[in-house]
Amino acid sequence: MMSFHETNLLSVTKKQFIYKLQANLGILISLMIIQLLALLLSTAGVSSMSVGTNLTIINLKIISGDIIIVFTLIWAFIVGYNTAGNAYRLDYHFVTNRLSSNLASGCFLLLTSLLAGITATFCGVLLRVLLYFWRDLLTTKGLSMAPALLMKGSYVTVLYACLLSALGYFYGMLAQRNKALTVLIPVLFFGSLFAAAKDTRAAQLFRQVLVFYFSESSLALFTLKIVLTVALLFITIILFTNRMEVRK
Amino acid sequence: MHCIESKNLSKTFDKIKAVHDLSFTIEENKITGLVGRNGAGKTTLLKLIAGYLLPTTGEINVFGRNPFNNLQVAANLIFIDDQLALPENLSLEETLAAVGQFYPNWQAELARALLDYFSLQPRQYYANLSKGMKSSFNMIIGIAARCPLTIFDEPTVGMDAAVRKDFYRALLKDFMQYPRTIIFSSHLLSEIEELLDDLLLIKAGEKYLHLPLDELRNYAVGLTGRESIIRKMTGQEQVLFQQKLGRDSIYLVARNTFDQQTLQQARLQGVEISPVATDDLCIYLTAQHKGGIDDVFSRN
């Protein structure tokens, strides 16, 4: 005779999280490939200029690890989007409800953001090491990095990765609910980018949003902004998916 | 105690009533067969029970709770169909381990032994399995999970007859050791009837019959003989199926409401009385036309 088995949200979320980890180990390889690619591109320099007289020409090349960060953040967004699709496709076959699935996805994205942010920063260090040995450097300004700065860089990158993967997850979940939104959201986003190029009120608002997230000088305030935004995104998803039908 | 209770349950997709005003109860620790034609609403009903879908109207209770988005119900239920999606990067044995952690009663050894018996390689990948082997693997998960409520929706798709037979037996053996509530939807009623305690027959989203299998076996009789004699003994409402056999003889299936005397008399008049196989009976009961496909061709 079988008896009814009581469970709780925490233990189910934990199992779901482990299941997600096992099912998605492959994305770590994609992270490594993306970062390696970005590293190779970075060695070519992000911008260059030439200054010359009749006698001499100076080619100035600025090299930075920004591409690695940008690539990693794009990766974080895609991972967020895919996690939403996978959650919808894979989660509901075994013990879950909408809430535990979203929470497990959140934990999973937190972990991937952590890994992505730290590895991206350390790729920047690797880039510096490579440059030191391979290139003739005009200046070594910015070549060495104080450990505190490195830590801060990792921390900020991790937070940005969290933001981007939460946005990807949010977009992915909206797309699961309504296919029309898959098209509508990018149109609105890129449309607003074009609008931002002109000087309209909407453009100003868009710029303010960017400034709000990307020009914060206080680390504590920046943390608060990201954490609140991510929390807001997840709460919206949880409320939004609570009545969602699955496995239709 | 009731395991599942449904009251006036309806589910509508784009104005089409998939499940319509369905009321029934399923008792604990019984194997119930869910039978109906294609599009009768079987899968929709099972997904309502599993809490994947929201009822349009009416009520469904599983273990006394509303199953929709309910963690406690989900923890006590497993739903196996041919749409099962599993992680692509895990081998079969890794998948079993990953799935097993969700279920407190998971039988790892049984799963492994069944895997071995059905010649599935532990290191194979699910995506590379044939249709029948996928079904076998899904069913292994369904049996080994030992959930208080186990739902199989057409689990034998693609399996060959020998594998199907083995599975019915495996399910029955495991059920006898650990009784639980099982719902089994299948088109192959003749194969699964040995397994079943009860049968729930639905037609166009509505309940048509819900009765123990023993009663179903005596639900109707087949009468073969001269049409005039058989017509005299059966009322129009009794007739479930009829087929002309020649100029004046007929095979007719009727509700078994005859008393012994009537049957005896019919026998003396040369009417052959035969039992009706349950799967044939279900076909007759759910048919739109009493003459079956012949009706289409005899119109001209």
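The largest cavity in this predicted model has a volume of about 140 Å³. Its lining comprises 18 residues. Those that lie nearest the centre come from both chains: Phe94(A) and Thr96(A) on one side of the list, and Ala50(B), Tyr52(B) and Ala74(B) on the other.

Within chain B, two elements of secondary structure each supply at least two residues of this lining, namely α2 (71-75) and β5 (77-80). The strand β5(B) gives the most, with 3 residues. In terms of residue class, the lining of the largest cavity has 12 nonpolar, 5 polar and 1 charged residues.

Rolling a probe the size of a water molecule over the atoms shows where empty space is left. Applied to the whole structure, the search finds 4 cavities of 30 Å³ or more. The second largest of them has a volume of about 50 Å³. Chain A contributes His5(A), Thr7(A), Val12(A), Lys15(A) and Val95(A) to the lining of this second cavity, while chain B contributes Ala75(B), Phe102(B) and Pro104(B). The class composition of that lining is 5 nonpolar, 2 polar and 1 charged residues.

Since the linings of these two cavities include residues of chain A and of chain B, the interface of the two chains is the next subject. Here 42 residues of chain B are in contact with 35 residues of chain A. The two chains bury about 3,500 Å² between them, and 58% of this area is on carbon and sulfur atoms.

Specific interactions accompany this buried area. The count of salt bridges between chain B and chain A is 4. In one salt bridge, the side chain of Lys11(B) meets that of Glu245(A), with an N to O distance of 2.7 Å. Across the interface there are also 18 residue pairs in polar contact, with both residues at pLDDT 80 or more.

On the side of chain B that touches chain A, the elements α2, β5 and α3 (92-100) each supply at least two residues. The largest share comes from α2(B), with 4 residues. By class, the residues on this side of chain B divide into 25 nonpolar, 10 polar and 7 charged.

Taken together, two elements of chain B link the cavity and the interface. Both α2 and β5 of chain B supply at least two residues of the lining of the largest cavity, and both likewise supply at least two residues of the side of chain B that touches chain A. For the cavity lining, β5(B) gives the most, whereas for the touching side the largest share comes from α2(B).

Methods
Residues are numbered from 1 along each chain as its sequence is written. Chains are lettered from A and ligands numbered from 1 in the order in which they are written. This is a predicted model: local features need pLDDT of at least 70, side-chain atom pairs count only at pLDDT 80 or more; totals for chains, interfaces and linings use all residues. Side-chain values use heavy atoms; hydrogens and water are left out. On a 1 Å grid over the protein atoms alone, a cavity is a set of points where a 1.4 Å probe fits but cannot get out, and a pocket is an open set with protein on both sides within 12 Å along at least five of seven lines; lining residues have an atom within 4 Å of a point. Grid points are joined across faces, edges and corners, and a volume is the space filled by probe spheres set on the points. Ala, Val, Leu, Ile, Met, Phe, Trp, Tyr, Cys and Pro count as nonpolar, Asp, Glu, Lys and Arg as charged, and the others, Gly among them, as polar. Contact means heavy atoms within 4.5 Å. Buried area is the accessible area (1.4 Å probe) that two parts lose on being put together, summed over both. A polar contact is a pair of N or O atoms within 3.5 Å; within protein, one must be able to donate a hydrogen and the other to accept it, and residues adjacent in sequence count only if both atoms are side-chain atoms.
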